[in-house]
Amino acid sequence: MSEKHNTWMKLAIKLAKKGIGTTHPNPRVGAVVVKDGAVVGEGWHQRAGEAHAEVIALERAGEQAKGATLYVTLEPCAAHGRTPACTDAVLQAGIRHVVFASSDPNPQMAGGGKVLSAHSGMEVTTGVLAEQADALNVAFFHYVRTGHPYITGKAAISLDGKLATRTGHSQWISGVESRQHAHRLRARSDAIIVGSGTLTHDNPTLTVRDARLKGDAPLRVVLCFETPPFFPDCNLLSDEAPTRFYVRSTNEHTQAWRDAGVQIGRANSLTAILQHLAGDGYLQVLLEGGGELHASFFEAGLTNELVLYQAPILIGGRDAVPLLAGAGAETIPQAILLADIKRRKLGDDHMIRGRVVYPA
């Protein structure tokens with residue numbers, strides 16, 4: 001029986017992946033209704049405010065849902081939010097057995113498993129392929145726990161850990177395959193963050209290229225101490241994606257940027273910025289930019305994951321731009337670690353990806 005559970009849950013997870021790039025601030029969820037060994041209904045959550053995966057699958061199953069088994073990647077919600085509680089729909093449809101993978105960490109919505117198991121004749125099985133399902137909603141779960149977006153730091157570096165030469169030249173350290181992979185990361189992100197140095201020195205576009213964009217284009221975010229001088233040929237003024245500056249203080253340049261369509265937000269800390277982004281539904285954030293910006297996020301313990309594209313070149317020079325500026329660790333036990341490391345060869349480069357572990 002467990003093998004059958006795995007088979008149908010894999011299908012539900014496949015359906016949930018269709019929501020990547022469109023569901024935040026809601027989780028990605030897929031659902032399958034199975035009766036007599038055949039799928040009679042399936043669905044996935046497509047966008048916040050729209051029907052949940054279970055409801056779509058049950059509606060497609062219709063009368064065949066009576067006595068059937070519902071497979072869903074996330075515990076059915078037990079409370080009304082933008083939409084009615086999914087537990088109500090499950091009970092009304094006459095489902096006999098509910099199998100879900102991830103438990104819902106949202107205290108406002110959790111408890112669906114208990115609600116369903118309290119009804120006579122209803123069987124509930126939990127934790128089927130939970131690890132795979134959890135991986136779909138890392139950013140959502142992180143937001144529920146912390147109130148912050150999930151931050152993935154991304155950088156192209158040389159073998160000796162440099163982001164750029166002593167003159168600031170960096171195009172291109174990584175190869176074509178690495179840059180294509182980086183655009184796939186952008187396509188899965190809700191927002192991209194750079195610092196004011198990257199804005200003024202590189203004039204980036206921060207748009208998604210060489211990758212399929214499923215949902216809205218990522219919000220382009222620039223962190224500044226104060227509003228930078230306006231320049232009309234700024235590549236962030238394109239209509240391809242929205243742009244937002246976070247500044248500690250406004251000045252005589254602020255109105256010109258606003259008139260050009262840039263959102264201006266005031267915040268005095270990284271924490272306040274991240275809380276504001278999460279409150280607006282930006283839960284999956286890609287951190288690009290220079291060594292100072294990466295160092296500030298690491299020093300605050302805010303970067304959750306790191307993706308490095310290491311190219312087979314040596315830049316050298318004590319004044320070359322390092323991946324992490326700032327003071328750095330005093331001792332090896334104080335160094336930041338990467339765990340759950342994945343490595344992949346991309347052309348001549350090597351991608352190194354891992355979860356960030358901060359010293360106690």
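## Helix α11 and what follows

Let us start with helix α11, which spans residues 291-299. Its buried residues are G291, L293, H294, A295, F297 and F298. Just past the end of α11 comes G301, whose phi is positive, at about 70°.

Please keep in mind while reading that this is a predicted model.

## A pair of parallel strands

Next, have a look at strand β9, made of residues 219-226. Is β9 mostly covered or mostly uncovered? It is mostly covered, with six of its eight residues buried.

Strand β9 also has a partner: β8, residues 191-195, runs parallel to β9 and is joined to it by five bridges. To find one of these contacts in the structure, go to G195, whose bridge partner in β9 is L223.

## The five-stranded sheet

Another part to explore is an open sheet of five strands with mixed pairing, in the order β2-β1-β3-β4-β5. Its edges are formed by β2 (38-44) and β5 (123-126); each has a single partner strand, so one side of each is left without a neighbour in the sheet. On average, and ignoring direction, neighbouring strands here are turned by 15° against each other.

The partner of the edge strand β2 is β1, as the strand order shows. Strand β1 covers residues 30-35 and runs antiparallel to β2, with six bridges joining the two. Across this pairing, A31 stands opposite G43 in β2.

## The largest nonpolar core

Strand β1 turns up again in the largest nonpolar core, as one of the elements giving two or more residues to it. This core has 26 residues, and those touching the most other members are V33, L58, L70, V90, I95 and V98.

Which other elements give two or more residues to the core? They are α2 (53-61), β3 (69-74), α3 (86-93), β4 (97-102) and α6. Of these, α2 gives the most, with four residues.

## The second largest pocket

Our last stop is the second largest pocket, with a volume of about 1200 Å³. It is lined by 38 residues, and the closest to its centre are A135, V138, E305, K342 and R353. What kinds of residues make up the lining? By class, there are 14 nonpolar, 10 polar and 14 charged residues.

Several elements give two or more residues to this lining. The helices are α5 (130-136), α6 (138-146) and α7 (176-187), while the strands are β6 (150-157), β12 (284-287), β15 (337-346) and β16 (349-357). You have met α6 before: it also gives two or more residues to the largest nonpolar core.

Definitions and conventions: Residues numbered from 1 in each chain as written. Predicted model: local features only at pLDDT ≥ 70, side-chain atom pairs only at ≥ 80, totals over all residues. Heavy atoms only, no water. Pairing = 2+ DSSP bridges. Axes fitted to C-alpha atoms, helices over the stretch in contact; angles between N-to-C directions. 1 Å grid on protein atoms, 1.4 Å probe; cavity = no way out; pocket = protein on both sides within 12 Å on 5 of 7 lines; lining within 4 Å. Points joined across faces, edges and corners; volume = space filled by probe spheres on them. Nonpolar A, V, L, I, M, F, W, Y, C, P; charged D, E, K, R; others polar. Core = buried A, V, L, I, M, F, W, Y, C linked by side-chain atoms within 4.5 Å. Buried < 20%, exposed > 50% of the residue type's maximum accessible area, 1.4 Å probe, protein only.
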